[in-house]
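Ready for a few exercises on reading a protein model? Have a go at each task before you look at the solution.

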Amino acid sequence: MRAMPERPDAVAQARVSALVRQHHRSLLRVAQHWSATHEDAQDAVQRALEIYMRRLDTIDPATELSWLRVVVKHEAMAIRSRHADHIPTEHLDHDERAAVEQRPVDDLLAGRERVRRSKEALSRLKPDEAKALVLKAQGLSYAEIGQRLHWTYTKTNRCITEGRARFLKLYAELEAGEA
């Protein structure tokens with residue numbers, strides 16, 4: 001690893017946040033592979049991220065994800081070996097252990113169907129109504145939506161109110177099979 005110059009805190013925080021946001025699930029999968037329990041896997045990821053943050057200035061951004069996966073693996077193995085005296089690993093059946101994040105297939109299919117219907121109903125709205133509803137769903141206030149789209153409060157309110165009513169009507173029609 002080559003030494004990199006000191007980074008300002010804001011840049012470092014953005015780098016760490018981006019990596020965690022994009023790769024947390026894959027890091028957790030690596031940890032779960034090498035851990036006896038889900039809690040141990042979460043601990044391994046947490047410890048690896050702490051090490052990553054301490055060494056951030058010395059890690060090459062081009063290889064940081066690979067490096068972090070190796071650190072996660074080693075932390076998971078260390079936690080597992082520390083707990084070896086307390087956990088009967090010879091009796092663990094990893095195939096019987098259900099994935100914590102896995103939902104039942106029928107729930108996944110129903111969720112995908114709701115997303116498909118929502119997308120179709122949203123595509124049938126007026127463009128301004130769709131923009132306003134999407135921004136509202138992202139958590140923006142009426143004032144923020146109006147400011148971002150250069151609208152008056154009245155237009156923002158009308159687009160959200162009428163768009164919501166039209167969306168619910170279209171969604172109900174799609175759900176009933178009428179559309």
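**Exercise 1. Look at helix H5 in this predicted model. Which residues of H5 are buried, and what covers them?**

Step 1: Find helix H5, which spans residues 127-137.
Step 2: Pick out the buried residues, and you get Glu-129, Ala-130, Ala-132, Leu-133 and Leu-135.
Step 3: Now look at what sits over them. The cover includes H4, helix H6 (142-149) and H7.
Step 4: Go just past the end of the helix. H5 is followed by Gly-139, and the phi of this glycine is positive, near 100°.

**Exercise 2. Describe how helices H4 and H7 pack: at what angle, and with which residues?**

Step 1: Locate the pair, with H4 at residues 105-123 and H7 at residues 153-176.
Step 2: Read off the geometry. The angle is about 130°, and the axes are 9 Å apart.
Step 3: Put a word to that angle. An angle counts as roughly perpendicular from 65 to 115 degrees and as roughly antiparallel over 145, with this one falling in the oblique range, so H4 and H7 are oblique to each other.
Step 4: Add the handedness, which is right-handed for the crossing of H4 and H7.
Step 5: List who meets whom. From H4 come Arg-114, Arg-117, Ser-118, Glu-120, Ala-121 and Leu-122, and from H7 come Phe-167, Leu-170, Tyr-171, Leu-174 and Glu-175.
Step 6: Sort them by class, and this contact has six nonpolar, one polar and four charged residues.

**Exercise 3. Glu-175 and Glu-64: is each one buried, partly exposed or exposed?**

Step 1: Start with Glu-175, whose place is in helix H7. Its relative accessible area is 47%.
Step 2: Compare that with the cut-offs: buried is under 20%, exposed is over 50%, and partly exposed lies in between. So Glu-175 is partly exposed.
Step 3: Check a partner far along the chain. Arg-114 is 61 residues apart from Glu-175 in sequence, and their C-alpha atoms are separated by 8.7 Å.
Step 4: Move to Glu-64, which lies in helix H3 (residues 64-82). Its relative accessibility is 9%, so Glu-64 counts as buried.
Step 5: See what Glu-64 touches. Leaving out residues up to four places away in sequence, you find Arg-15, Leu-19, Tyr-52 and Ile-59.

**Exercise 4. How do helices H1 and H2 pack, and which classes of residue make up their contact?**

Step 1: Take H1 at residues 9-34 and H2 at residues 38-54; the angle is about 145° and the axes are 10 Å apart.
Step 2: Note that the crossing of H1 and H2 is right-handed.
Step 3: Find some of the residues that meet. Among them are Leu-19, Leu-27 and Ala-31 in H1, and Ala-41, Val-45 and Tyr-52 in H2.
Step 4: Count by class, and you have 12 nonpolar, four polar and one charged residues.

**Exercise 5. What is notable about the phi of His-150, and where is this residue found?**

Step 1: Recall the background: most residues other than glycine have a negative phi.
Step 2: Check His-150, where phi is near 60°, a positive value in a residue other than glycine.
Step 3: Place His-150 in the loop between H6 and H7. With 74% relative accessibility, His-150 counts as exposed.

**Exercise 6. How many helices and strands does the chain have?**

Step 1: Go through the elements, and you find seven helices and zero strands.
Step 2: Zoom out to burial, where buried residues make up 30% of the 179 residues.

Conventions: Residues are numbered from 1 along each chain as its sequence is written. This is a predicted model: local features need pLDDT of at least 70, side-chain atom pairs count only at pLDDT 80 or more; totals for chains, interfaces and linings use all residues. Side-chain values use heavy atoms; hydrogens and water are left out. Axes are lines fitted to C-alpha atoms, for helices over the stretch in contact, and angles run from 0 to 180 degrees between N-to-C directions. Helices (H or I, at least four residues) and strands (E, at least two) are DSSP runs, numbered from the N terminus. Angles under 35 degrees count as roughly parallel, over 145 as roughly antiparallel, 65 to 115 as roughly perpendicular and the rest as oblique. A crossing is left-handed if the near helix is turned anticlockwise from the far one by less than a right angle, and right-handed if clockwise. Contact means heavy atoms within 4.5 Å. Ala, Val, Leu, Ile, Met, Phe, Trp, Tyr, Cys and Pro count as nonpolar, Asp, Glu, Lys and Arg as charged, and the others, Gly among them, as polar. Buried means under 20% relative accessible area, exposed over 50%, partly exposed in between (1.4 Å probe, protein chains only).
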